[in-house]
Amino acid sequence: MLKKFNQIINEAIGISIIFLLLGIIFLIYPNISITVVAYLIAFILIGSGIYLIGLEFTNRIIFFPMDTIFNGIISIILGTIILIYPNLFQIIIPIMLGIYFIIDSIFKLKMATLLRRIDNTSWIFTLLLTILSIICGIILIVNPIDSSIAIALFTGITLIVYSITGIVDMILFKKNTNDLVKEFKKNIKIIEE
């Protein structure tokens with residue numbers, strides 16, 4: 001279980017780094033073809049979705065709080081929608097990213113709660129970063145900006161903020177892996193096949 005927990009944290013850090021790089025690209029090259037970016041993100045989402053689903057089936061321990069199948073399905077659905085409708089990407093991307101950020105932040109809220117249970121003071125910082133990620137998600141959903149350049153800049157800033165909070169959160173979780181695993185074992189059923 002400890003190995004899978006560390007593996008999932010490392011993957012989350014990797015995904016956050018990809019989002020950070022995309023955010024920087026959006027800021028540096030706001031005029032870049034939104035269609036090219038749409039296809040790139042579609043393939044990344046579909047690939048990570050397939051990987052997450054495969055990860056769940058290749059491990060012998062089913063680890064319910066990680067929701068890898070659910071996250072994988074959501075990633076594949078979002079990637080497929082972008083692949084089918086690349087021209088609508090500039091309208092849809094803020095909304096889809098906002099939904100993804102909020103869903104991912106729900107998992108981080110669970111982790112912050114576990115950190116609080118083990119009396120770790122970093123849970124407050126984690127909670128604040130998670131709330132910031134949720135706010136970024138809500139802003140993207142409520143205010144999908146009309147201009148392509150504005151969307152690129154706004155999305156770039158939001159991606160950078162989200163990915164930095166994600167990286168910091170996962171590093172904090174990784175530092176407290178042993179305590180978190182003990183807490184999971186106390187509070188969550190693990191089914192071994």
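Start with the lining of the second largest cavity in this predicted model, where the residues divide into 8 nonpolar and 2 polar, with no charged residue among them. To display this lining, select Ile15, Ile18, Phe19, Leu22, Ile41, Ile44, Leu45, Ser48, Ser75 and Tyr100, which surround a space with a volume of about 90 Å³. Colouring by secondary structure will show that helix H1 and helix H2 (34-58) each supply at least two residues of this lining.

Next, keep Ile15 and Tyr100 selected, since both also belong to the group of residues nearest the centre of the largest cavity, and add Ala12, Asn71 and Asp104 to complete that group. The largest cavity holds about 270 Å³ of space and is lined by 16 residues, which by class are 10 nonpolar, 3 polar and 3 charged. At least two lining residues come from each of H1, helix H3 (68-84), helix H4 (89-117) and H6. In total, the structure holds 3 cavities of 30 Å³ or more.

Now turn to the surface and select Ile17, Leu21, Ile24, Ile25, Leu27, Ile28, Tyr29, Leu153 and Ile157, which together make a nonpolar patch of about 770 Å². Helix H1 (2-28) and helix H6 (148-175) each supply at least two residues of this patch, and the largest share, 6 residues, comes from H1. Leucine 21, a convenient residue on which to centre the view, has its place in helix H1.

To end the tour, show H1 alone with its side chains: H1 supplies residues to the lining of the largest cavity, to that of the second largest cavity and to the nonpolar surface patch.

Terms used
Residues are numbered from 1 along each chain as its sequence is written. This is a predicted model: local features need pLDDT of at least 70, side-chain atom pairs count only at pLDDT 80 or more; totals for chains, interfaces and linings use all residues. Side-chain values use heavy atoms; hydrogens and water are left out. Patches are made of residues with over 30% relative accessible area and no salt bridge: like charges are joined within 9 Å, nonpolar side chains (Val, Leu, Ile, Met, Phe, Trp, Tyr) within 5 Å. Accessible areas come from the Shrake-Rupley method with a 1.4 Å probe; for residues, only the protein chains shown count as cover. A salt bridge is a side-chain nitrogen of Lys or Arg within 4 Å of a carboxyl oxygen of Asp or Glu. Helices (H or I, at least four residues) and strands (E, at least two) are DSSP runs, numbered from the N terminus. On a 1 Å grid over the protein atoms alone, a cavity is a set of points where a 1.4 Å probe fits but cannot get out, and a pocket is an open set with protein on both sides within 12 Å along at least five of seven lines; lining residues have an atom within 4 Å of a point. Grid points are joined across faces, edges and corners, and a volume is the space filled by probe spheres set on the points. Ala, Val, Leu, Ile, Met, Phe, Trp, Tyr, Cys and Pro count as nonpolar, Asp, Glu, Lys and Arg as charged, and the others, Gly among them, as polar.
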